[in-house]
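Biologist: Thanks for sitting down with me over this one. Could you put the chain on screen so that we can go through it together?

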Amino acid sequence: MAKTFHSSVRVPYAHTDQMGFVYYAHYLVYFEMARAEMLREAGIPYSEMEDRGIMLPVVEAHCEYQTPAKFDDFLEVHSSPQPFEGAKLKIHYTITRGDDTIVTGYTHHVSMTKDGKVKRPAPELKALIN
């Protein structure tokens, strides 16, 4: 079973639309924030990875919106990295507010060098799964 990492965000007013709901694209920002926290918690922060020449660009992103979040909601973001398939990494996300699921989704990443060449995942990245 995949390990699950947890982070949180309090919705700022600037992230809401005219209806008072979180603008849909901001959920991808919340995914990214959770991913950065996940890597930091695993001991391989993005900045350190990039200093070592390891990049993890997003090559696909998907969201399914269940119910809207609003200004000042406290959201929990649960991220679960899946086993690598070659140089590809898939991370599942669930964003909740209390017992309510707000959004589910995933991102696909490819382990690459700074000059865009596909690279075998670093052992620290593979350890995310264990």
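Biologist: Let's start with Asp51: which helix is the place of Asp51, and is Asp51 buried or exposed?
Modeller: Keep in mind that this is a predicted model. Asp51 belongs to helix α2, which covers residues 46-51. Exposed means over 50% relative accessible area. Asp51 has a relative accessibility of 68%, so the label for Asp51 is exposed.

Biologist: How far apart are Asp51 and Arg35 in space, C-alpha to C-alpha?
Modeller: Arg35 is one of the buried residues of α1, whereas Asp51 counts as exposed. In sequence, 16 residues separate Asp51 and Arg35. In space, the C-alpha to C-alpha distance of this pair is 17 Å.

Biologist: Staying with helix α1, what distance lies between its end C-alpha atoms, and what should its residues span?
Modeller: Helix α1 takes in residues 26-41, which makes 16 residues. At 1.5 Å a residue, the expected span is 22 Å. The model agrees with that, because the end C-alpha atoms of α1 are 22 Å apart.

Biologist: Which residues in α1 are buried, and which residue just after α1 takes a positive phi?
Modeller: The buried set in α1 consists of His26, Tyr27, Tyr30, Phe31, Ala34, Arg35, Ala36, Met38 and Leu39. Just past the helix, a positive phi of about 90 degrees turns up. The residue that takes it is Gly43.

Biologist: Now for the strands: what order do they have in the sheet, and which of them stand at the edges?
Modeller: The sheet is open, has five strands and pairs in the antiparallel sense, with the order β1-β3-β4-β5-β2. Two of the strands have a single partner each, so one side of each is left without a neighbour in the sheet. Those edge strands are β1 (5-10) and β2 (58-65).

Biologist: And by how many degrees are neighbouring strands of this sheet turned against each other on average?
Modeller: Direction is ignored for this value. On that basis, the average turn between neighbouring strands is 20 degrees.

Biologist: Where does α1 lie, and at about what angle does it run to β5?
Modeller: Helix α1 lies across β1, β2, β3, β4 (88-97) and β5 (100-110). Taken against β5, its direction makes an angle of about 65 degrees.

Biologist: Which residue in β3 is the bridge partner of Phe5, and is that residue buried or exposed?
Modeller: β1 and β3 (residues 74-81) are antiparallel and joined over six bridges. In β3, Phe5 is matched with Ser79. Among the contacts of Ser79 are Ala34 and Met38, along with Ile91, His92 and Tyr93. Buried means under 20% relative accessible area, and with 1% relative accessibility, Ser79 is buried.

Biologist: How many bridges join β2 to β5, and how many pair β4 with β5?
Modeller: β2 and β5 run antiparallel over seven bridges, and Tyr65 sits opposite Val103 of β5. β4 and β5 are antiparallel too, with Thr94 facing Thr104 in β5. For β4 with β5, the number of bridges is 10.

Biologist: What links β4 and β5, and which residue in the turn has a positive phi?
Modeller: β4 and β5 form a hairpin with two residues between them. A positive phi of about 60 degrees occurs in the turn, at Gly98.

Biologist: Which residue has a positive phi although it is not a glycine?
Modeller: Look in the loop between β2 and β3. The phi there is about 75 degrees, and the residue is partly exposed at a relative accessible area of 41%. Its name is Asp72.

Biologist: Where does Ser111 lie, and is Ser111 buried or exposed?
Modeller: Ser111 lies in the loop between β5 and α3 (123-126). Its contacts include Ile54, Met55, Leu56 and Ala87, and also Val118 and Pro121. Its relative accessibility is 0%, so Ser111 is buried.

Biologist: To finish with the chain, what radius of gyration does it have?
Modeller: The C-alpha trace spans about 45 × 30 × 20 Å along its principal axes. A compact globule of 130 residues would have a radius of gyration near 14 Å. The value for the chain agrees with this, at 15 Å.

Note on methods:
Residues are numbered from 1 along each chain as its sequence is written. This is a predicted model: local features need pLDDT of at least 70, side-chain atom pairs count only at pLDDT 80 or more; totals for chains, interfaces and linings use all residues. Side-chain values use heavy atoms; hydrogens and water are left out. Helices (H or I, at least four residues) and strands (E, at least two) are DSSP runs, numbered from the N terminus. The expected span of a helix is 1.5 Å times one less than its number of residues. Buried means under 20% relative accessible area, exposed over 50%, partly exposed in between (1.4 Å probe, protein chains only). Two strands pair if DSSP finds at least two bridges between them. Axes are lines fitted to C-alpha atoms, for helices over the stretch in contact, and angles run from 0 to 180 degrees between N-to-C directions. Contact means heavy atoms within 4.5 Å. The radius of gyration is taken over C-alpha atoms; the globule rule is 2.2 Å times the number of residues to the power 0.38. Lists of a residue's contacts leave out its neighbours within four places in sequence.
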